[in-house]
Amino acid sequence: MDKKKSFLVILSETRFLHILLSIILGFVVGAFFLVIMGLSVGDAYGRLLSSVTSVKGFSYVVVYAIPYIVTGLSVAFSFKTGVFNIGAEGQFVMGSMAAAVVGILLGDLPKFVLIPLCFLAAMAVGALWGIIVALLKTKRGINEVLSMIMFNWIAFYLSNFIAGIPAIHSDGTAEATKNISANASTLLSKDFISQYKLCPTANWGILVAIVLTVVVWLIIDKTTLGYRLKAVGFNKSAAEYGGINVNRSILTALAISGALAGLGGALQLMGMGSRISVFSSQEGFGFAGIVVALMGCSNPFGVLAAGLFYGALIYGGSKLNLVGAPTQLVNVIVGTVVLFIAISVIFERIKYIQPRGRRKAAAVQEGKEESK
Amino acid sequence: MSGFISEFGIILYATLIYTPPLLYAALGSCFSEVSGVVNIGIEGMMTAGAFTGTVVAYFTGNPWIGFICGGLAGMLFGAIHALATVRLGADQTIAGTAINMLGPGIVIMIAKVLFNSTDTIPLTSEQKIPMLFRGVFDTSTVFGRFMDNVFANYATTYLVFLAVILVWFIFYKTRFGLRLRACGEHPQACETLGINVIAMRFWCVCISGFLSGLGGACVTMATSNQFRPISIVGQGFIAIAAVIFGKFRPQGALLGCLLFGFCSGLKVVLGGSSGVNMHLISMIPYVVTVIVLVLFVGKSHVPSANGKPYIKSK
């Protein structure tokens with residue numbers, strides 16, 4: 001190992017730098033659009049920054065980030081295990097609905113029983129949504145991306161249908177379910193919120209999200225289960241040759257990923273939503289999870305950071321219209337960030353033009369790619 | 001009996017309204033996927049086309065210029081996707097996801113600047129895609145109404161079916177098509193035979209963007225008459241699903257889109273007449289697709305090199 005590395009080599013090897021650079025470029029492109037529209041870059045970005053740095057603003061960011069972190073973990077987990085969980089959207093919706101049904105119908109149970117029960121129901125239903133897709137894939141060879149897209153919409157309409165069932169439908173005129181019982185809510189107490197001047201929907205779901213981050217990291221990096229799933233993700237044939245049951249691994253991976261997304265739905269409902277409305281289009285938490293997983297490079301702690309970043313942009317973006325800038329600017333910034341993260345692989349190829357040191361490694365790498 | 005005929009006519013009419021946007025995008029998806037580039041950004045490209053089509057038609061007054069410009073807008077995003085994935089070797093799923101955020105983000109921002117609203121101004125009937133054979137059939141009889149429902153349709157509907165034939169011909173009867181398919185199966189072998197894989201894939205992704213843009217424009221210029229942020233909600237993903245359903249063949253994608261369009265048509269008729277819950281009826285297209293997959297389609301052959309960046313070795 002040579003200690004002295006040139007800047008280019010560091011750039012080519014440090015994933016974190018790529019992401020930082022991508023984020024900067026994202027804001028540069030955003031600024032470019034602001035200038036075209038004749039708006040002040042300072043005003044817009046100043047508003048973005050000021051709205052997330054106050055205590056209240058930051059508590060909003062954390063609350064916003066909870067579902068993004070958890071769905072991000074779900075998608076990141078699936079990426080690690082070689083499947084692309086584009087179905088997190090549906091699993092999220094189903095999990096949310098399961099938690100709502102339990103939280104409304106069993107609302108009289110004490111808090112310490114009801115909340116775990118809601119979590120479990122959401123995880124079970126989310127996992128079920130993942131397992132169905134996995135079974136279709138392993139038993140009938142049906143492409144998982146295709147069936148997930150279908151099951152996202154089935155979940156969407158099923159949720160709308162369930163919201164209309166009299167037992168849980170709102171008593172008022174609202175096109176929504178009843179509110180979940182106070183015993184199923186993860187909101188912090190009113191006194192605590194007013195004492196620290198937090199946002200009204202401040203809840204302890206973020207603690208669950210952090211615990212999940214650690215758990216996912218443990219599963220992926222520290223257990224034989226994770227090793228098995230990753231092996232299948234890297235190379236199916238090699239894993240099978242090594243004695244791993246590939247079909248069972250896919251099933252397990254999608255079940256865990258689905259359970260995570262389902263739990264994300266429950267956390268969103270029990271903290272922020274408190275009831276489920278009849279929607280006319282998908283809310284997109286699962287798709288946001290894909291973006292967060294990508295920004296976090298499928299690393300659990302990266303996802304945690306990316307989720308907070310995304311939450312900050314979404315919340316800050318909702319305040320942009322106060323300075324006359326469109327909210328969609330946030331999508332452009334995030335889209336650019338993701339695009340540059342995708343392109344950043346080009347830095348890894350800088351190795352090839354290094355005169356010293358890394359050439360051998362590059363040659364080995366090249367050999368690998370040719371044999372693919 | 002006459003009730004059945006007229007209802008069937010309405011179902012077919014709805015089918016022919018729902019299918020074309022999906023089919024344009026699905027044909028686009030075919031080009032990209034078969035050449036070996038996963039294009040999950042179809043949705044974003046459709047949104048770009050949907051917006052640009054209406055805006056250009058609104059300002060020029062000519063629907064066809066709008067329609068083509070819609071395609072070109074999709075192509076622009078296709079080119080970004082191609083630049084990232086084909087030229088720079090970026091991960092195709094990540095780049096596609098980025099396109100899905102950039103497309104709607106940028107066009108809605110432009111809409112805000114141009115119209116001070118996220119919606120565009122509704123097109124007049126002269127600015128919309130014209131309907132062919134309107135008034136040719138005698139609608140006073142049941143049979144005439146049926147014929148009117150089925151055959152008096154937007155010009156883009158006829159175009160898309162011609163496009164399927166054209167794409168099928170390109171894929172299976174031309175040298176370009178053979179090369180295109182080979183690039184998705186074994187790019188290294190292509191390169192040794194002197195085919196420029198990078199250029200092939202680049203143009204295929206651009207074509208994919210163009211067709212997706214047309215699909216988007218079809219939604220806002222034929223089915224409805226204005227662009228709204230909810231104009232394109234998931235059609236791009238359904239188109240991708242139709243292509244996988246059709247085993248990455250244009251004729252298969254046609255079947256997939258027709259099945260989907262037909263079920264959506266069924267939804268319209270059942271939703272009006274039966275007492276079944278609307279949300280359950282809305283589920284029909286998705287459930288039927290899964291059932292058909294399980295019973296009749298099964299495993300589909302994905303182009304071998306699909307999703308793998310091709311890096312030219314020295």
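## Where the two chains meet

Let's start with the meeting of the chains: 43 residues of chain B are in contact with 42 residues of chain A. On the chain B side, α4 (92-115), α10 (235-245), α12 (278-282) and α13 (284-297) each bring at least two residues to the surface that touches chain A. The largest share comes from α4(B), with 14 residues. Sort the chain B side by residue type and you get 28 nonpolar, 12 polar and three charged. Keep in mind that this is a predicted model.

## Two domains in chain A

Now for chain A on its own. Its domain assignment gives domain 1 (1-37 + 326-359) and domain 2 (58-322). Taken over C-alpha atoms, the centres of these two domains of chain A are 29 Å apart. Each domain puts 11 residues into the contact between them.

On the domain 1 side, α2 (15-36) and α15 (329-343) of chain A are the elements that give two or more residues. Here α15(A) has the largest share, seven residues. By type, the domain 1 side splits into nine nonpolar, one polar and one charged.

## A look at Val219(B)

Back in chain B, Val219(B) sits in helix α9 (residues 197-223). Is Val219(B) buried or exposed? Val219(B) counts as buried because 28 other C-beta atoms lie within 10 Å, and the cut-off for buried is 20 or more.

Leaving out residues up to four places away in sequence, Val219(B) touches Pro21(B), Ala50(B), Ser224(B), Ser231(B), Ile232(B) and Gln235(B). Val219(B) and Tyr18(B) are 201 residues apart in sequence, yet 8.7 Å apart in space, C-alpha to C-alpha.

Methods: Residues numbered from 1 in each chain as written. Chains lettered and ligands numbered in written order. Predicted model: local features only at pLDDT ≥ 70, side-chain atom pairs only at ≥ 80, totals over all residues. Helix = DSSP H or I, 4+ residues; strand = E, 2+ residues; numbered from the N terminus. Buried ≥ 20, exposed ≤ 12 C-beta atoms within 10 Å, placed from the backbone. Contact = placed C-beta atoms within 7 Å. Nonpolar A, V, L, I, M, F, W, Y, C, P; charged D, E, K, R; others polar. Domains from an automatic or database assignment.
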